[in-house]
Amino acid sequence: MIASDDPALGLTLSGGAAFGAAHVGVLHELEDRGIRPDIAVGTSSGALIAAAYAAGFDAAEIERVALAFKWREIARWSFAPRLALLDSRAIEDAVQRVFGCDPLIEDLPRRFGAVATDLRTRKVVTIDRGPLSVALRSTIAIPGLLAPVRREGALLADGGMLDNVPVNAARELGADRVVVVRLHAKFENVRMMRTVNRTADLVRDPSIVLVQPEMEGMAQWTMSDAPRLIAEGRRAAAVALDEAAVLAAV
């Protein structure tokens with residue numbers, strides 16, 4: 001834990017490909033208000049941002065990386081196309097460049113969890129220990145596009161298939177209050193009623209601050225709208241935090 005972090009406050013970042021840039025704006029707003037969760041969890045692109053936060057990078061540093069991001073930094077053409085078109089091993093190189101090693105999650109200064117789906121059991125898995133690159137590769141592995149990852153007997157893929165807003169993962173790591181950032185990703189339309197019901201549950205929970213950036217009209221699969229997404233994340237966070245009683249004493 002970094003000094004002055006709140007050990008009981010969690011941050012949950014949902015998946016949504018390039019929409020994940022909005023999370024950076026949320027981090028800026030939290031930082032400006034002195035709100036410092038000690039627990040960060042995420043699914044897919046949300047896990048990438050949560051990992052950077054858990055590793056101790058500030059919002060400005062994460063923004064610089066997000067604005068310069070290229071998809072080739074996390075994926076290359078697969079040599080086993082029967083599994084998927086792309087291979088996510090490029091993440092291992094990216095992690096090595098940033099840290100000079102592949103750090104263990106349990107050695108990060110903040111608690112971190114990446115949410116994945118076990119394709120064999122159809123259950124949610126929260127990866128909160130072991131090599132960081134394995135966790136990140138697992139949580140972004142969209143079936144058919146990015147190859148699944150084998151870990152401890154499980155075959156892991158994108159956590160968004162079962163839990164794109166992994167509040168329970170933050171609870172498992174010790175959070176009793178959670179800032180939740182829900183991105184409306186286009187792939188959620190196929191399960192819209194389930195998503196609406198889940199969002200209503202989050203709104204009713206007094207221990208949750210729900211941040212919902214507006215994604216309408218922004219690109220999900222290219223980074224062309226990253227600056228706008230960051231600004232929108234910051235705006236949505238300001239609105240939610242201004243209304244939040246749960247963080248009043250933080």
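This report describes charged side chains, buried residues and backbone angles in a predicted model.

## Salt bridges between distant parts of the chain

Side chains of opposite charge can pair when their charged atoms come close. The structure holds 17 salt bridges. One of them joins R234 and D32, whose closest N and O atoms are 2.0 Å apart. This pair links distant parts of the chain, since R234 belongs to helix α8 (residues 226–243) and D32 to helix α1, with their positions 202 residues apart in sequence. R234 is partly exposed, because its relative accessible area is 31%, whereas D32 counts as exposed at 52% relative accessibility.

Another salt bridge is formed by D242 and R33, with the closest N and O atoms 2.8 Å apart. Here too distant parts of the chain are linked: D242 lies in helix α8, while R33 lies in the loop between α1 and β2, and the two are 209 residues apart. D242 is exposed, with a relative accessible area of 58%; R33 counts as partly exposed at 34%.

## A bridge between two loops, and a network

E152 and R129 also meet through their side chains in a salt bridge, at 3.0 Å from N to O. E152 is located in the loop between β8 (149–151) and β9, and R129 in the loop between β6 (123–127) and α5 (132–139), so this pair ties together parts that are 23 residues apart in sequence. With a relative accessible area of 59%, E152 is exposed, and R129 is partly exposed at 42%.

Some salt bridges share partners, and in this way E29, D32, R33, R234 and D242 are joined into one network.

## Charges at the surface and in buried positions

E106, D107, D128 and E172 form a negative surface patch. Within this patch, D107 is placed in the loop between α4 (90–99) and β5 (111–118). D107 counts as exposed because its relative accessibility is 57%.

What is the situation of D118, a residue of strand β5? D118 is buried yet has no salt bridge. The nearest side chain of opposite charge is that of R120, 5.8 Å away, and a salt bridge requires the nitrogen and the carboxyl oxygen to be within 4 Å. The side chain of D118 does, however, make a polar contact of 3.4 Å with the side chain of T121.

R177 is another charged residue in a buried position, with a relative accessible area of 17%. R177 is found in strand β10 (residues 177–181), and its side chain makes a polar contact of 3.3 Å with the side chain of D176.

## A buried alanine in a strand

A157 is part of strand β9 (residues 154–158). Is A157 buried or exposed? At 0% relative accessibility, A157 counts as buried. A157 and L119 are 38 residues apart in sequence, yet their C-alpha atoms are 6.8 Å apart in space.

## Positive phi angles in two loops

A17 has a phi angle near 55°, a positive value in a residue other than glycine. This residue is found in the loop between β1 (6–13) and α1 (22–32). A17 counts as buried because its relative accessibility is 15%, and buried means under 20%.

S44 likewise has a positive phi, near 55°, and is a residue other than glycine. S44 lies in the loop between β2 (37–43) and α2 (45–54). At 10% relative accessibility, S44 also counts as buried.

Technical notes:
Residues numbered from 1 in each chain as written. Predicted model: local features only at pLDDT ≥ 70, side-chain atom pairs only at ≥ 80, totals over all residues. Heavy atoms only, no water. Patch = residues over 30% accessible without salt bridge, like charges linked within 9 Å, V, L, I, M, F, W, Y side chains within 5 Å. Areas by Shrake-Rupley, 256 points an atom, 1.4 Å probe, with all protein chains shown as cover. Charge placed at Lys NZ, Arg CZ, Asp CG, Glu CD. Helix = DSSP H or I, 4+ residues; strand = E, 2+ residues; numbered from the N terminus. Buried < 20%, exposed > 50% of the residue type's maximum accessible area, 1.4 Å probe, protein only. Polar contact = N/O pair within 3.5 Å; in protein donor to acceptor, adjacent residues only side chain to side chain.
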